[in-house]
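Hi there,

Here is the structure I promised to pass on. Have a look at it first, and then read on for what turned up in it.

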Amino acid sequence: LTLTRMADGLPRTATLTIASDDPSAPEVVVPVSTILPLPRLRVTPEALDLGAVSQGSHATRAAIVRNSGSEDLVVDALRFEADLPGFSLAFSTQAFAPQEDQALQALDPPLVLAPDQATSLEVGYLASQPDPATARVVLFSNDPTRPDGYPVKVSANQAGGCIKVTPREIAFGGVVPPGQSKLPFTIDNCSADEDLHVTGLDLVD
């Protein structure tokens, strides 16, 4: 059985039916599925809390950008926006400033990460006032599961905790009945100085 990879890069499913003269099983049905190699963009953590930054002070926090897929990941653009001045971004040996019009900023050259390769993304904030401040970085790549980009939240001088759930997507893969599969996930507080209170957990199928 041979699979020819299609240009759209999507997984494929099929059913193989084998007929024979076996009186007890004249037909044997075999489900066929594939998960084609794809680049997968992952950022850890997805929320950066710079904590309390006093007026005139500067704080930085870094996230890890990783290719968790099985093909080269190409990050070629980003969007960087902030509600207050003072934020800065260093990524892929390049420096970026927030854009008021939410314009895309190109990475020149684009960042290419091989499977399981990672790099850092560092956000800085120079506080001109003690008020709460937020920013957002959205990374755009050839990950087909993220056509609208991968957002990373940034905050400073915020009251309350900062939730980090890892992983953000849980895929069990193939489980043959009556088999059972368990996958871990964690809930962390990414705030530098505030407690996080989890008030609910609901699973709907």
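**What turned up**

Strand E4 pairs with strand E12 (residues 150–156) in the parallel sense, over three bridges. Within that pairing, Ala47 stands opposite Lys153 in E12. Before you go further, please keep in mind that this is a predicted model.

That pairing belongs to an open sheet of five strands with the order E4-E12-E11-E6-E9 and mixed pairing. The edges are taken by strand E4 (47–49) and strand E9 (104–113); each has a single partner strand, so one side of each is left without a neighbour in the sheet. On average, neighbouring strands here are turned by 20° against each other, direction ignored.

Now to strand E11 (residues 133–141), which is mostly covered, with seven of its nine residues buried. Strand E6 (residues 73–82) runs antiparallel to E11, and seven bridges join the two. E11 and E12 also run antiparallel, joined by seven bridges. Leu139 is a handy residue to click on: it stands opposite Leu78 of E6, and its bridge partner in E12 is Tyr150.

**The other five-stranded sheet**

There is also an open sheet of five strands with the order E3-E5-E10-E7-E8, and its pairing is antiparallel. Strand E3 (41–44) and strand E8 (94–96) are its edge strands, each pairing on one side only. The average turn between neighbouring strands in this sheet is 25°, again ignoring direction.

At one end of that order, E3 pairs with strand E5 (residues 58–67) in the antiparallel sense, over four bridges. If you want a pair to look at, Arg42 has Arg66 in E5 as its bridge partner.

**Some backbone oddities**

A bit of background for this part: most residues other than glycine have a negative phi, and most peptide bonds are trans. Several spots in this chain go the other way.

Where are the cis bonds? One is the peptide bond from Thr44 to Pro45, with omega near -10°. Pro45 is found in the loop between E3 and E4. Another cis bond runs from Asp108 to Pro109, with omega near 5°, and Pro109 lies in strand E9.

As for phi, look at the loop between strand E7 (87–91) and E8, where you will find Ser92. Ser92 has a positive phi of about 55° although it is not a glycine. Thr93 is in the loop between E7 and E8 too, and its phi is also positive, near 60°.

Are these two residues buried or exposed? Ser92 has a relative accessibility of 13%, and because buried means under 20%, Ser92 counts as buried. Thr93 is exposed, with a relative accessible area of 86%.

Then comes Gln94, which lies in strand E8. Gln94 has 16% relative accessibility, so it counts as buried as well. What does its side chain reach? It reaches the backbone oxygen of Pro109, at 3.3 Å. That is the proline of the cis bond after Asp108, so you can look at both spots in one view.

**Out on the surface**

Ile163, Ile170, Leu183, Phe185, Ile187, Val198 and Leu201 form a nonpolar patch on the surface. Together they have about 650 Å² of accessible area. Take Val198 as one of them: it sits in the segment after strand E14 (186–189). Val198 is partly exposed, with a relative accessible area of 49%.

**The chain as a whole**

How many helices and strands are there in the chain? There are zero helices and 14 strands, so reading from the N terminus on gives you one β element after another. Of the 205 residues of the chain, 29% count as buried.

If you open the model with this email next to it, I would start with Leu139 and its partners Leu78 and Tyr150, then go to Gln94 and its contact with Pro109, and end with the nonpolar patch that includes Val198.

Cheers

Technical notes
Residues are numbered from 1 along each chain as its sequence is written. This is a predicted model: local features need pLDDT of at least 70, side-chain atom pairs count only at pLDDT 80 or more; totals for chains, interfaces and linings use all residues. Side-chain values use heavy atoms; hydrogens and water are left out. Two strands pair if DSSP finds at least two bridges between them. Axes are lines fitted to C-alpha atoms, for helices over the stretch in contact, and angles run from 0 to 180 degrees between N-to-C directions. Patches are made of residues with over 30% relative accessible area and no salt bridge: like charges are joined within 9 Å, nonpolar side chains (Val, Leu, Ile, Met, Phe, Trp, Tyr) within 5 Å. Accessible areas come from the Shrake-Rupley method with a 1.4 Å probe; for residues, only the protein chains shown count as cover. A salt bridge is a side-chain nitrogen of Lys or Arg within 4 Å of a carboxyl oxygen of Asp or Glu. Buried means under 20% relative accessible area, exposed over 50%, partly exposed in between (1.4 Å probe, protein chains only). A polar contact is a pair of N or O atoms within 3.5 Å; within protein, one must be able to donate a hydrogen and the other to accept it, and residues adjacent in sequence count only if both atoms are side-chain atoms.
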